[in-house]
Amino acid sequence: MTSQSSYYVTCNGGYCLPKHLCPTGTFEEVSTLDRNERLTLQVDEENECGDFMKICCKGSLSSFDNIPTSMNVATNGDYKCGLSNPEGLLYDVESNLTYAKYGEFPWTVAILKMSFSSNNIVLTYVGGGTLIHPKFVLTAAHTLEKPHRYVARFGEWNINSEAEAYPSQDIGIEEHILHPSFRDLCTPENDIALAVLKRSVIYTEHIRPLCLPTEQDALNALTAKRCIATGWGRDVRTQQPAPIMKRIELNVVANTTCQTLYRLADRNSYFKLHRSFMCAEAAAVQDTCDKDGGTPMACPREDGSYALIGITSWGLECGRTDAPGVYVDVPKFACWINNTIAGYEEFHAEE
């Protein structure tokens, strides 16, 4: 039988372990954190393990093989939609740049394209999505290109590390249902799709759905204090793919204003914003960018929960301030989403 220690990289006097498994830095004092403790992570810290979420755990190996690989997380199939974790879970994150807290937006999904290399499965991040149902993820139609195979990852935060305290869930996408009026033009139209999962997601504290919008949510979005977009696309502050989930504050822009701004920015007096879209501008330096397609724009409700108002679709060059980003206007597709899910469930119930 292979020892668990053989799976970890050695370091000076020990092994590199996730910090939540060795909070004191020594084997002799290993004790997993309880639910009320917090662990500080310094994102910009350089250490011998090459991962700010890990620590060189020193000492004897007598108790090493009894260390669990991850912390237990509560599961419950009845989580209410739209509830964030505003303080994050477990970690206090310190960084020169602002990111989402761990578990802050539990509905954000990473969509990975599956390929094969030397008999190994390779997963490449291509965009994002929103968990809205145990079997369905909502995303942008242009993110899912046939005939590729895709995997939806739930509970992701640091896409470059496997050392998070709570396990993520990787579930294959069985099929994707594009909106029947989707057009992949220079600027797409009706850029929305449902990804059907091969099995149901298990809801937990760090994996739960976002609410689909009501008519009132659509009206409130125009006056919302701040909507939040999340994802792992290119970070305009570093010009590199974001390793940690981005947290982008947005203000909704009226469509007439957006169309005028695009006509000026793109020097195209004939530009017309398609009715399936809405616009939002970044409230700070951060913004949505390349490979953020399909990621959610969630807007707050009066009760503190969130509703899905937009899906990242397209825009001009990342970081431009003279033209806002363009997002799928989700309230306009609420009936299509609900009817498609209901039809799918009815069909498969008969099977």
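**Notes on the predicted model**

1. Let me start on the outside. Phe116, Ile121 and Leu123 together make a nonpolar surface patch of about 300 Å². Ile121 sits in strand β7, which covers residues 120-133. With a relative accessibility of 55%, Ile121 falls in the exposed class, because that class begins over 50%. Keep in mind throughout that this is a predicted model.

2. Now the overall picture. The chain has 3 helices and 19 strands. It runs to 351 residues, and buried ones make up 50% of them. About 17,200 Å² of the chain is exposed, with carbon and sulfur atoms supplying 48% of that area. Take the contacts with a sequence separation of 6 or more: 71% of them are between residues 24 or more positions apart.

3. What about the inside? As a rule, nonpolar side chains in soluble globular proteins tend to be buried together. Here the largest nonpolar core has 55 residues, and the members that touch the most others are Leu138, Leu194 and Ile337. There is also a second, separate core of 15 residues, with Phe154, Ile171, Ala195 and Val201 among them.

4. Leu194 is worth a click in the viewer. Setting aside neighbours within four places in sequence, its contacts include Ile132, Phe136, Val137 and Leu138. Glu175, His176 and Ile177 are also on the list of Leu194 contacts, as are Trp336, Ile337, Thr340 and Ile341. Two of these partners, Leu138 and Ile337, are named alongside Leu194 as the core members touching the most others.

5. Next, a histidine. Where does His206 sit? His206 is in the loop between β11 (193-197) and α1 (215-221). Despite the loop address, His206 is buried, at a relative accessible area of 3%. Its side chain has polar partners: the backbone oxygen of Pro167 is reached at 2.9 Å, and the side chain of Thr204 is joined to that of His206 by a polar contact of 2.8 Å.

6. On to charges. How many salt bridges does the structure hold? The count is 15. Some of the charged residues go beyond simple pairs: Glu104, Arg226, Arg247 and Glu249 are linked in a network of salt bridges.

7. Three individual pairs make a nice set for looking at burial. Arg153 and Glu156 meet through their side chains, with N to O at 3.0 Å. Is Arg153 buried or exposed? Arg153 is buried, at a relative accessible area of 17%, and Glu156 is buried too, at 8%. Both residues earn that label because the cut-off for buried is under 20%.

8. The second pair is mixed. Asp235 bridges to Arg237, and the closest N and O atoms are 2.8 Å apart. Asp235 is buried, with a relative accessibility of 1%, whereas Arg237 is partly exposed at 25%.

9. In the third pair, Asp322 and Arg320 form a salt bridge whose closest N and O atoms are 2.8 Å apart. Asp322 is partly exposed at 34% relative accessibility, and Arg320 is partly exposed as well, at 27%.

Notes:
Residues numbered from 1 in each chain as written. Predicted model: local features only at pLDDT ≥ 70, side-chain atom pairs only at ≥ 80, totals over all residues. Heavy atoms only, no water. Salt bridge = Lys/Arg side-chain N within 4 Å of Asp/Glu carboxyl O. Buried < 20%, exposed > 50% of the residue type's maximum accessible area, 1.4 Å probe, protein only. Helix = DSSP H or I, 4+ residues; strand = E, 2+ residues; numbered from the N terminus. Contact = heavy atoms within 4.5 Å. Areas by Shrake-Rupley, 256 points an atom, 1.4 Å probe, with all protein chains shown as cover. Polar contact = N/O pair within 3.5 Å; in protein donor to acceptor, adjacent residues only side chain to side chain. Core = buried A, V, L, I, M, F, W, Y, C linked by side-chain atoms within 4.5 Å. Patch = residues over 30% accessible without salt bridge, like charges linked within 9 Å, V, L, I, M, F, W, Y side chains within 5 Å.
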